[in-house]
Amino acid sequence: MTLFATIHAPSLPPERVQRLAARLAPLAVTIAGDTLTIERDPFGTQPLYYATIDDALVVTNALAALKQLVPRTLNREAIADYLAYGYNGNEATTTFAAIQRVPPAHRLIATRDGIRIERWWSLPIASEPLRIKPRDAVERFRELLRDAVQRQAAQGRVVVSLSGGIDSVSVAAHLTSTGAHATAITSVWDPVIPDVERHFASLAARSLGLPHILHECAGYQPFDRFDDPAVRGEEPHSEPFRAAFIDFLGRAAQHGRIFMTGQGGDPLLYASHDHFWRLLQKVKLLTFASDALGFALKRRRLPPLLLRSRLLRTLGRKTPARVLPPWFDTGFAREMHLAERFATPPPRTDPRIHPWRDDAFRLLHSPAWSVTFESFHEGVTRQPLALATPWLDPAVVEFLFALPPMPFFADKELAREALRGRVPDEIRLRPKSPLQGDPLRTLGPAHLKRWVRQVEQVPELEQFVSRRILCMQSTQMEREIVSVAAAVALALWLLGERSR
């Protein structure tokens, strides 16, 4: 997507507007009339920022452009969210007090009277699940995902991110069925951690006839090349291996302009773990018996009733909450309620309750998604790639949330059935298996002393994190290495901002 900026300044003389446009170069700049209306897509796959500059409103998808034109006073709420969650949980703000975001599924409307932000799209929620035969549901799902893939692939040559899991393989399979020219690319972490993606992704690519690139990540170390703005990012991020990601995108950009991923498949296909329990609560015994029998016969195990977890909650033995590490500045921690942030996730971006798939609905409406998608944007990565996410096509999303939990979402059955005959069963029936390790936990401890030296060079960090306490907690640093890495990343980001 081309980087752009739009200027709305109906009360300013043309020469002042033109001077502002010159300051935004080399972006493609347009100048709006009396009214400006601009929408952000439903799930935030493309960023959209705005700020008031010299009595003009500037709206752009390039955060770096706005940062050059406004005071860089930090938004302390956003920093608190970052330290607690690894990202800003407020989709309407940025790390900078003077720059705001248009949240996903919202539009900005600017007139002479001011600015307002309003929601333009919400996922429709029916009162009852759709009644449809499994075979018909599979066919309808195939049609919708194929149409979404075809539309998003029409803008140029495609590189598909292929992990060997059901979500990305589904996208790749539907992509090849459209006849589009595409290349598959996979990042692999073996032998740093056990990583079977090399095998499964290669098998999927061969079976689909896709040229396949393997991007080897084993040579990367935490915080490699954080002096590079594309690696460091325009806002703080908690990914210590960002250099591996940027190079991964760079290799992809050599083979296409559309970067298509399986992002979004996990929440959309997430099984409602409360389904059987809710049927019992509502005394829907016939439905319970039918669904439970179907589950047991298909999977040769009893359905999940979650009785043990409910008993533990009743007895007060809940999963322990994350505890605030001791190295945060006490004044900042108290002001920003950091302990509460560590103990609870950020609120969902749509507060409604879905009547039969609320677990999936909650996951889909996490603010983490738009943060993830922004990390792919060319305004941040400096790579000429446009992100495509067919799973998050509104027609696909609406159909999947209309279906009942069983049998379609138990072990992602709908997607597995849609792949029948298209990929080997070794892939189609593969159990979901996240990475069997964490590169940070494997490689990070060897770098703790270097991190301490880097943190000591950044006095700006002191307003958020006590450098003295952080550097003294060597044992706890290794145990809490994810939180430590977030603090180190913030220090390196502040150091980079200082040099700009």
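**Exercise 1. A loop residue with positive phi**

Phe223 belongs to the loop between β11 and α7 (229-232). Describe its backbone phi, and decide whether the residue is buried or exposed.

*Solution.* Keep in mind from the start that this is a predicted model.

- Step 1: look at the backbone. Phe223 is not a glycine, yet its phi is positive, at about 65 degrees.
- Step 2: look at the accessibility. Phe223 has a relative accessibility of 6%, and buried means under 20%, so this residue counts as buried.

**Exercise 2. The loop between α18 and α19**

Two residues of the loop between α18 and α19 deserve a visit: Pro407 and Lys412. Find out what the backbone does at each of them, and say whether Lys412 is buried or exposed.

*Solution.* Let's walk along the chain.

- Step 1: at Pro407, check the peptide bond. The bond from Met406 to Pro407 is cis, and its omega is near 5 degrees.
- Step 2: at Lys412, check phi. The value is positive, about 55 degrees, although Lys412 is not a glycine.
- Step 3: check the accessibility of Lys412. Its relative accessible area is 11%, so Lys412 is buried.

If you would like to look at another cis bond, go to Asp190 and Pro191: the peptide bond between them is cis, with omega near 5 degrees. Pro191 is in the loop between β10 and α6 (197-208).

**Exercise 3. Helix α18 and its cover**

Take helix α18 (residues 394-402) and list its buried residues. Then find what covers them, and which side chain reaches a backbone nitrogen at the start of the helix.

*Solution.*

- Step 1: the buried residues of α18 are Val396, Val397, Phe399, Leu400 and Phe401.
- Step 2: compare the spacing with helix geometry. Residues three or four places apart point the same way, because an α-helix has 3.6 residues a turn. With that in mind, turn the model to view Val396, Phe399 and Leu400, which are among the buried residues.
- Step 3: find the cover. Among the elements over these buried residues are α4, α9 (265-268), α15 (358-364) and α19 (413-418).
- Step 4: go to the start of α18. There, Asp393 places a side-chain oxygen within 3.0 Å of the backbone nitrogen of Ala395.

**Exercise 4. A parallel sheet and its helices**

Work out the strand order of the sheet that contains β9 and β10, name its edge strands, and describe how α4 and α8 pack on it.

*Solution.*

- Step 1: trace the order. This open sheet has five strands, β11-β10-β9-β12-β13, with parallel pairing.
- Step 2: find the edges. β11 (212-216) and β13 (386-388) each pair on one side only. From one strand to the next, the twist averages 30 degrees.
- Step 3: zoom in on one pair. Four bridges link β9 (residues 158-161) with β10 (residues 182-188) in the parallel sense. Here Val160 is opposite Ala184 in β10.
- Step 4: add the helices. Helix α4 (residues 134-153) packs on the sheet and touches β9, β12 (258-260) and β13, with a direction at about 155 degrees to that of β12. Helix α8 (residues 242-253) also packs on the sheet, where it touches β9, β10, β11 and β12; its direction makes about 155 degrees with that of β11.

**Exercise 5. A mixed sheet**

Now treat the sheet that contains β1 and β2 in the same spirit: give the strand order, the edges and the helix lying across it.

*Solution.*

- Step 1: the order is β2-β1-β5-β4-β6, an open sheet of five strands with mixed pairing.
- Step 2: the edge strands are β2 (28-31) and β6 (100-101), each pairing on one side only.
- Step 3: β1 (residues 4-8) and β2 run parallel and are joined by four bridges. Phe4 faces Ala28 in β2.
- Step 4: helix α1 (residues 14-24) lies across β1, β2, β4 (49-53) and β5 (56-60), at about 160 degrees to β1.

**Exercise 6. Two packed helices**

Characterise the packing of α22 (residues 448-456) with α25 (residues 481-499).

*Solution.*

- Step 1: the helices pack at an angle of about 40 degrees, and their axes are 10 Å apart. The crossing of α22 and α25 is left-handed.
- Step 2: list the partners. From α22, Leu448, Trp451, Gln454 and Val455 meet Ile481, Val484, Val488, Ala491 and Leu492 of α25.
- Step 3: sort them. The contact has eight nonpolar residues, one polar and no charged.

Key:
Residues are numbered from 1 along each chain as its sequence is written. This is a predicted model: local features need pLDDT of at least 70, side-chain atom pairs count only at pLDDT 80 or more; totals for chains, interfaces and linings use all residues. Side-chain values use heavy atoms; hydrogens and water are left out. Axes are lines fitted to C-alpha atoms, for helices over the stretch in contact, and angles run from 0 to 180 degrees between N-to-C directions. A crossing is left-handed if the near helix is turned anticlockwise from the far one by less than a right angle, and right-handed if clockwise. Contact means heavy atoms within 4.5 Å. Ala, Val, Leu, Ile, Met, Phe, Trp, Tyr, Cys and Pro count as nonpolar, Asp, Glu, Lys and Arg as charged, and the others, Gly among them, as polar. Two strands pair if DSSP finds at least two bridges between them. Buried means under 20% relative accessible area, exposed over 50%, partly exposed in between (1.4 Å probe, protein chains only). A polar contact is a pair of N or O atoms within 3.5 Å; within protein, one must be able to donate a hydrogen and the other to accept it, and residues adjacent in sequence count only if both atoms are side-chain atoms.
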